[in-house]
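Work through the exercises below with the model open. Try each task before reading its solution.

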Amino acid sequence: MATLHILSHSPFADSRLASCLRLLGTADGLLLCGDAVYALQPGTANLQALQLMPASVALYALDEDLSARGLQAPERAQVVDYPGFVELCTRYAKVNSWL
């Protein structure tokens, strides 16, 4: 059963991203929003970890949060808007928000 994992906390503040990456299934998706988009900063260990995820795991980033922080998504990540966020939540069988 595929799960959409939603992260909103900075990867530099705690270990939620690392914990999430260990639990991802091959058909899961990972949506970065809020301060979690900082994981996409070039040259960071967080981005390297995301790029090492299996290709079958979809990586998404919320456009509004990228723009607010002056970041661009790498090629690996699909940028979504709020309607796209809602659509992702309906596409996956389960949604897990890493509070």
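**Exercise 1: an aromatic pair in a helix**

Tyrosine 82 and phenylalanine 85 are three residues apart in helix α4, so about one helical turn separates them. The model is predicted: local features need pLDDT of at least 70, side-chain atom pairs count only at pLDDT 80 or more, and totals for chains, interfaces and linings use all residues. Residues are numbered from 1 along each chain as its sequence is written, and side-chain values use heavy atoms, with hydrogens and water left out.

Task: Find how many aromatic pairs the structure holds, and describe the geometry of tyrosine 82 and phenylalanine 85.

Solution.
- Step 1. Apply the criterion: rings of Phe, Tyr and Trp (its six-membered ring) pair if their centres lie within 6.5 Å. The structure holds one such pair.
- Step 2. Tyrosine 82 and phenylalanine 85 form a stacked pair, 6.5 Å centre to centre with 15 degrees between the planes. Planes under 30 degrees apart count as stacked, over 60 as edge-to-face and the rest as tilted.
- Step 3. Check burial. Buried means under 20% relative accessible area, exposed over 50%, partly exposed in between (1.4 Å probe, protein chains only). Tyrosine 82 counts as partly exposed because its relative accessibility is 39%. Phenylalanine 85 is at 16%, so it counts as buried.

**Exercise 2: a glycine in the same helix**

Task: Place glycine 84 in its helix, then decide whether glycine 84 is buried or exposed.

Solution.
- Step 1. Glycine 84 lies in helix α4 (residues 82-91). Helices (H or I, at least four residues) and strands (E, at least two) are DSSP runs, numbered from the N terminus.
- Step 2. Glycine 84 counts as buried because its relative accessibility is 17%.
- Step 3. Look across to tyrosine 60. Tyrosine 60 and glycine 84 are 24 residues apart in sequence and 9.8 Å apart in space, C-alpha to C-alpha.

**Exercise 3: strands and crossovers**

Task: Which strands pair with β1, and what joins β2 to β3?

Solution.
- Step 1. Two strands pair if DSSP finds at least two bridges between them. Strand β1 (residues 3-7) pairs with β2 in the parallel sense over four bridges. β1 also pairs with strand β5 (residues 94-98), parallel, over five bridges.
- Step 2. Follow isoleucine 6. Its bridge partner in β2 is leucine 31. In β5, isoleucine 6 has serine 97 as its bridge partner.
- Step 3. Move to β2. β2 and strand β3 (residues 58-62) pair in the parallel sense over four bridges. Leucine 30 stands opposite leucine 59 in β3.
- Step 4. Trace the crossovers. β2, helix α2 (residues 45-51) and β3 make a right-handed β-α-β unit. β1, helix α1 (residues 16-23) and β2 make a right-handed unit as well. Right-handed means that, with the strands pointing away from the viewer, the path from the first strand over the helix to the second runs clockwise.

**Exercise 4: two faces of a strand**

Task: Sort the residues of β1 and β2 by face.

Solution.
- Step 1. Recall the rule: in a regular strand the side chains alternate between the two faces of the sheet.
- Step 2. In β1, Thr3, His5 and Leu7 lie on one side and Leu4 and Ile6 on the other, all buried.
- Step 3. In β2 (residues 29-32), Gly29 and Leu31 point one way, and Leu30 and Leu32 the other way. All of these are buried too.
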